[in-house]
Structure formats: structure tokens, C-alpha cells
Amino acid sequence: MKLLIIDRDQTERNGIQWFIKRYQLDVMTVLEAGNFNEAVEQIEAENPEVILLEMELLAQSDSNRLRKALSLNSHHIIGITAEPLFKHALEALSMRALTLLVKPIDLSLLKQYLTHAVRNELRVQQESLPLIGEHSIYPSLFLDQYEIEQEFTFCLMLEAEILEQNEPLFHWLESLNHLTLFPLSKRIVAFSTEETLEELRKKAKAIIREWSNTQNTNLNIAIYDLPRKSVKDMYQAIKETLKLRFQHGFGQIFLVSELPTFQSLDPFLTMEQQRLWMSSLEQNDIQTIKHFLYSISTIKTYYHPDTIRIHLTSILAQIRRFMLKYQMEKRIDLEHRYNQLFEIILNHPVLYTIIQEIVLLCQDIMNQVEKQKEKGQFDYVNAALDFIDHHYTDDKLSLDQLAEFLGISPSYISMLFSKTNATTFKQYVTKKRLTHARQLLQETNLTIHEIAAKTGFNDANYFSKLFKANHNISPSYYRQQVIG
């Protein structure tokens, strides 16, 4: 088994190597790379099963070779970042990374995910061996040409609330002798000979109840209750059905026949939603925040868990922006909780818990704002960005108006703005307006004059001229291309 550590920081690489050797994790060979060229060479030469990847490397303009190398073979990837930013979370999700750890790395979490990756890889290797037997269940879970000889009426899957309890759950179920069991790394596939679905549901309820009473934790059970298909198809269906845990939690029995269709959800906040979040935080409006979050978690509408996680990291980006505005990133306790929340959003199995953690952090941050104001700890640039977000649709917005709001001179805020954002106030406002205009061109039937007025341009001709200068196409032709 090979582990490749890809990190620009030699000290970080040394520390991880020491930790692996110190705790004798089941990794045979530890490799390392300090840049993407070294990383590509190691991946191509050694094909490591597990990769610890510093996400910042993927942001470099010449990282395409590394991306290609990562995509050519199957690897268990654990992302590492010094900055818990939305783009890094999105990148990790798109690469199907096991998790994204924030530096300084929580070594207990690192150990947990390394152990999981190694066990999962060993399981995959074992399942690919020819020694598993002609009629073993495991090939039939993944390959169409295999079937099993066991007689059964229902296929189901059990999942413990705590991953580490999967093995104890298996042995406990064995002692009950109710089901034919086949353990996987995270879940247990089972087959039942019960004659009716109602009998199986009663047995499943009893299993959940007894497990909760003895272990003080819950589990979920998914049952395939549709006309029988191949074992592979049934396995994939019950595995997909278990994703309902994200909105329902644990202690549930899910039926494949009741699996809803996931609705579409824009993973990114619109400009209006960004403004709503910033104004709610500024005004200490926790009720609006709760309403926004609870609308995502309603069981009347189901969204894909991965899409919701991205959506929540987009919300977290607004919380971060608010923290920076009042320099609360200097508070070690709040900074630590922010990093923890980032990890929870990416990995916690239940949406309700994630939302509660977001609400609690927002409440604590808003309670600290008044104290920060009293101390005069105020980030003018982030306050300026917030002001622009709320007023860029006003064609009278000016640098003097912004300076008056902040209580400083126009020249000073202009200098701070240009230094921090590498752009002028006017350029930033224009870009903001044009971005909103593109959105309206794509999503509405408003006329060019109406769009110009709604995005802060008092002259439709001037708007069209600016749009063409920035996009090499007029607003009308842009709409035609998008709509097709």
C-alpha cells in the first residue's frame, strides 16, 4: 500500500510522515512531493492508492498535468488546505475526496480518514481476488454477470450512525440470526426470507429499537421493495435510498419505492441571497437566517446532498465575509469554530445538525459584533464591499457617498480599495452591475432598457456599450446565444 503526500511545506510533510510511523498506520510506503511536477512523476511511477493533496496546488495556472494524472487512476484523496474557502470545498467535492482537512490538521481526523481509505482499498482488492468463490455475494454487488444462489425475498442495507460501530453492528446482528449478512466497510448488506414487507418492517423496527437501547445510538435500514432485479441493481438502489438520512436523520426505515426525485438547487447563492445574508447578519436578524436555512431542509422538497453541501459552503463564505468585516477572524475561538463548521458541512451525515451548527455560529458572531464596534475594530474594505452590494443598483452610487457612509475621506477608501482588491471602486461597481445584467439577460424577458435601469445604469446605450466592451458581444446577441 502506498501513500503520497503532496504539500509544498516540507515541515508539514515531515510531520505527517512522523505521525504515520508513530502510530503504525497500515501504509507500507510513504511517498512525498513538494510541487505538482514531482506529484505527477510520483503518481505515474508509483500509482499510490491514497493521496494527501494540498488543494492550493490545483489553483496554479499550470496544474493541468496534475489534474489529469489524478483522473487517470482511482485514488483515495484526502484534501488539505490552509484556507477553508468555498472554492477549495467545491474542488474537493468535484474530485470526490474523502474529506477536506484544514491546517493545522486535526491528527485524530487524519488517522480516521487514512484508516478508512486503507481499509476500503484492502476491501476492493480482496473483492477482486479470484479466491472469493464462484457463488460469493460480493461480485454480484458490483458485476452484472454474477448472481447468487441463496434464496431470499428481500434485499436490505443497514447503516450505523457512527462509522466505527459497523463491525460491532455486524457481530450483534449475527447473534440475532435473523438475516443473511454481508459486511462492507461502511454498511451491511443483508437478505431476508420474510414472506411479506410488513413482517420485514416489524423486524426492522425491532432491530433499530434494540440497537438504540443497547448502544445508545441509532441506525438506518433501507429495504428494496420493488420487483426483483439483479443483486447489483438492488444494491445500488438501496445505497441511493440511504441518502435520505441527510434530511431525515437516523432511526429510520427507508423503502426504495418511496425514494423521491431530487429537485434542482442552484449550489451558488444569487446576488440577492448574498445581500440577504449580509443584511441579516448586520441587523442581528436570526429569524430570517433560520427561515432561509430551514427552507432548504424541508422534507417536502428533496435536494441532492452534494448540492446542498456546496450551497451551504456558499453561505459560509458570506459568514466569513461578515467576520472579516469586523475583524473577528482574530478571535481564536470563533476562528476555530468556523473551521469546525467547514468540516461539518462537508462530512456530517445529517442536514439538521449542520443547520443547527450554522445557526449557533451566526448567533455567537452577531453577539460579538457590538463589542467589536465598541473597540473600533472595523474592516473598511469589507464594509465597503457590503455597502456596494446593497447599493450598486442605484445609479447615483459614488465614491463620495461610500466615504461618507464609512466616515473617512474618499481618497483614503480609494487607496484601501485599490490596494486590497487590485481594482478601482468604479471598475468594481461596473463589474458587479454587468454580472447582475448577465443574470437578468439569461433568466428574464426584461428589455435591455429595463435591465439597464435595474442594474444601476441610467443610460441603456451606455450600458450596451460597456457590455460589449467587456464581453465582445452586445446584450441582445448575448441573450440569443444563451437561450439558443
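## Strands that pair

Two strands count as a pair if DSSP finds at least two bridges between them. Keep that rule in mind as you look at this predicted model, starting with strand 6 (residues 154-160) and strand 9 (residues 219-224). These two pair in the antiparallel sense over six bridges. To find a spot where they face each other, look for Leu158, which stands opposite Ile221 in strand 9.

## The mixed sheet

Strands 6 and 9 belong to an open sheet of five strands, with the order 7-8-6-9-10 and mixed pairing. Its edge strands are strand 7 (180-183) and strand 10 (253-255), each of which pairs on one side only. On average, neighbouring strands in this sheet are turned by 20° against each other, direction ignored.

How many residues lie between strand 7 and strand 8 in their hairpin? There are four residues between them. The two strands run antiparallel and are joined by four bridges. For one of the partners, go to Leu181, whose bridge partner in strand 8 is Ala190. Now bring in a helix: helix 8 (residues 197-215) lies across strand 6, strand 8 (188-192), strand 9 and strand 10. Helix 8 runs at about 165° to strand 9.

## The parallel sheet

There is another sheet to explore. This open sheet of five strands has the order 2-1-3-4-5, and its pairing is parallel. Strand 2 (29-33) and strand 5 are the edge strands, each pairing on one side only. Here, neighbouring strands are turned by 20° against each other on average, direction ignored.

Strand 4 is a good place to stop. On one side, strand 3 (residues 50-54) pairs with strand 4 in the parallel sense over five bridges. Two of the residue partners are easy to follow: Leu53 has Gly79 as its bridge partner in strand 4, and Glu54 has Ile80. Strand 4 also pairs with strand 5 (residues 99-102), in the parallel sense over four bridges. In this second pairing, Thr81 stands opposite Val102 in strand 5. Strand 4, helix 4 (residues 86-94) and strand 5 together make a right-handed β-α-β unit.

## Inside strand 4

Is strand 4 buried or exposed? Six of the six residues of strand 4 (residues 76-81) are buried, so this strand is largely enclosed by the rest of the structure. In a regular strand, side chains alternate between the two faces of the sheet. In strand 4, both faces are covered. His76, Ile78 and Ile80 are buried on one side, and Ile77, Gly79 and Thr81 are buried on the other.

## A closer look at Phe36

Next, find Phe36 in helix 2 (residues 36-46). Its relative accessible area is 9%, and buried means under 20%, so Phe36 is buried. Which residues does Phe36 touch, not counting those up to four places away in sequence? They are Leu57, Gln60, Asp62 and Leu66.

Phe36 also shows how the chain folds back in space. Phe36 and Ile6 are 30 residues apart in sequence, and their C-alpha atoms are 7.8 Å apart.

## Helix 13 and its partners

Helix 13 (residues 305-325) gives us two helix contacts to explore. With helix 12 (residues 286-297), helix 13 packs at an angle of about 170°, and the axes are 11 Å apart. Angles over 145 degrees count as roughly antiparallel, so that is how helix 12 lies relative to helix 13. Phe292, Leu293 and Ile296 of helix 12 make this contact with Ile308, His311, Leu312 and Ile315 of helix 13. By class, the contact has six nonpolar, one polar and no charged residues.

The axes of helix 13 and helix 16 (residues 380-391) come within 8 Å and cross at roughly 130°. That angle makes helix 13 oblique to helix 16. In this contact, Arg321, Leu324 and Lys325 in helix 13 meet Asn382, Ala383, Leu385, Asp386 and Asp389 in helix 16. The residues here divide into three nonpolar, one polar and four charged.

## Gln274 and its contacts

Finally, visit Gln274, which lies in helix 11 (residues 271-282). With 19% relative accessibility, Gln274 counts as buried. Leaving aside neighbours within four places in sequence, Gln274 is in contact with Leu269, Gln318, Arg321 and Lys432. You have already met Arg321, one of the helix 13 residues that meet helix 16.

Terms used:
Residues numbered from 1 in each chain as written. Predicted model: local features only at pLDDT ≥ 70, side-chain atom pairs only at ≥ 80, totals over all residues. Heavy atoms only, no water. Buried < 20%, exposed > 50% of the residue type's maximum accessible area, 1.4 Å probe, protein only. Right-handed = clockwise from strand over helix to strand, strands pointing away. Axes fitted to C-alpha atoms, helices over the stretch in contact; angles between N-to-C directions. Parallel < 35°, antiparallel > 145°, perpendicular 65-115°, else oblique. Contact = heavy atoms within 4.5 Å. Nonpolar A, V, L, I, M, F, W, Y, C, P; charged D, E, K, R; others polar.
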